Amino acid sequence: MKKTLLVASFLLAGGFAAAQSNVNDLLAAGLNDAERFTNDYLSPVSEGTIFSLSGSWLNTATAKPLGGFEISIVGSMAGFKNKEEKKSFVLNTADYENLRFEDGSTSKSVATALGDIEGVRVVVEDENGFFSESFELPSGLASENINFLPAAYIQAGVGLVKGTEVKARFLPKIQTDDVAVSLFGFGLLHEFTSHIPANRLFPVSISGFIGFTQLNGSYDFTDTNFIDGENQRIDTRISGWSFQAMAATRLPVINFYGGLGYVTGKSDTDVLGTYTVTSGPFQTTYEDPFSINKQASGATATLGTKLKLGFFRLHVDYTLAEFNLLSAGINFGFR
């Protein structure tokens, strides 16, 4: 399915390309029905991306000394293979004004953008209950055997005053004919054990951290849409805050780290442009038809290890959260 594969590529940026099929078909059912379905369809993607973007900040609890630095290339995967509750939602036609199931059902489970339920057909009825349009609801990533939300970026940390380190992460703007995406973030680490006398003799570091990440993405589907109009696109902004307490060993070659944290964030997705619907009971033109907002938060627990070979380091960790996160990175550092 070409549309589903397009979703997979855009999910690297926090993606919502799958909403194209929603806009194409569901606007024929009216603005309220289109907005309700698209919100339920995309909500798990928004939630998973918030957890994915907010993680993978730390690979140690030891703050770098003044002038010390580390540059990292980090990749992560937020898995949802066993998250069946995130792959579907119950569509109850009583909540919709003009949408009905083709087989006469009043409610049934349908796929979210993460799901794998295919072949569910719906019809659009006018205010008098007469049939107008028929189409198949979109499936999701799992139907293409994709069960994770990826993320990748460059991250850097620099030591300041004793026990304090500033961090930044970014993904430079990547743009194709249809998709544009960029990411930035900043954070602050403070090592509490740096204030303990003779702390170099203490083999464990304990720190607190706060970080912020934001992703901006855009998908232009004007040339692929089946509804007449101009500048048809989806813009999304996803941001998340991470709060962590971390402990780590402080050994020459291999170290272990772990911590507890809390993530909170939001996503704002705007369906923009003009859409002229020429079939169905609602033949009209919509301008910037609707926006979708999602908030997510939850506790996290991380465990990882880091291998140090002079200037070169490797790390890998696993985070338990609403969407579990596997992360790995290549690091280059001094001091």
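The exercises below concern the nonpolar cores, one residue and the cavities of a predicted model.

**Exercise 1. Nonpolar cores**

Find how many residues the largest nonpolar core has, and which helix gives the largest share of this core.

Solution.
1. The largest nonpolar core has 53 residues.
2. Ranked by contacts inside this core, the leading residues are Phe37, Leu91, Leu99, Val110, Leu114, Phe135 and Leu137.
3. Helix H3, residues 31-54, supplies the largest share, eight residues.
4. A second core, separate from the largest, has nine residues, including Leu58, Ala63, Leu189 and Phe209.
5. For Leu114, set aside neighbours within four places in sequence; the contacts then include Pro44, Val45, Phe80, Leu141, Leu149 and Phe323. Lys86 and Lys87 are also among the contacts of Leu114.

As background, nonpolar side chains in soluble globular proteins tend to be buried together.

**Exercise 2. Arg335**

Place Arg335 in the chain, decide whether Arg335 is buried, partly exposed or exposed, and list what Arg335 touches.

Solution.
1. Arg335 lies in the segment after strand E16 (325-334).
2. The relative accessibility of Arg335 is 48%. Buried requires under 20% and exposed requires over 50%, so Arg335 counts as partly exposed.
3. Not counting residues up to four places away in sequence, Arg335 touches Lys64, Pro65, Leu66, Gly67, Gly68 and Arg313.
4. Arg335 and Phe69 are 266 residues apart along the chain, yet their C-alpha atoms are separated by 7.0 Å.

**Exercise 3. The largest cavity**

State how many cavities of 30 Å³ or more the structure has, then describe the lining of the largest cavity.

Solution.
1. Searching the whole structure gives three cavities of 30 Å³ or more.
2. The largest cavity holds about 140 Å³ of space.
3. Its lining consists of 17 residues, and Gly55, Ser56, Thr302, Thr319 and Leu325 lie nearest the centre.
4. Two or more lining residues come from each of H3, strand E11 (228-249), strand E14 (290-309) and strand E15 (312-320). E11 gives the most, three residues.
5. By class, the lining has eight nonpolar residues, eight polar residues and one charged residue.

**Exercise 4. The second largest cavity**

Give the volume of the second largest cavity and divide its lining by class.

Solution.
1. The volume is about 60 Å³.
2. Among the lining residues are Trp57, Asn59, Lys64, Glu70, Gln155 and Lys167.
3. Strands E1 (69-79), E7 (148-159) and E8 (164-175) give two or more residues to this lining, and E7 gives the most, with three.
4. The lining divides into two nonpolar, four polar and four charged residues.

Conventions. Residues are numbered from 1 along each chain as its sequence is written. This is a predicted model: local features need pLDDT of at least 70, side-chain atom pairs count only at pLDDT 80 or more; totals for chains, interfaces and linings use all residues. Side-chain values use heavy atoms; hydrogens and water are left out. A nonpolar core is a set of buried Ala, Val, Leu, Ile, Met, Phe, Trp, Tyr and Cys residues joined through side-chain atoms within 4.5 Å. Buried means under 20% relative accessible area, exposed over 50%, partly exposed in between (1.4 Å probe, protein chains only). Helices (H or I, at least four residues) and strands (E, at least two) are DSSP runs, numbered from the N terminus. Contact means heavy atoms within 4.5 Å. On a 1 Å grid over the protein atoms alone, a cavity is a set of points where a 1.4 Å probe fits but cannot get out, and a pocket is an open set with protein on both sides within 12 Å along at least five of seven lines; lining residues have an atom within 4 Å of a point. Grid points are joined across faces, edges and corners, and a volume is the space filled by probe spheres set on the points. Ala, Val, Leu, Ile, Met, Phe, Trp, Tyr, Cys and Pro count as nonpolar, Asp, Glu, Lys and Arg as charged, and the others, Gly among them, as polar.
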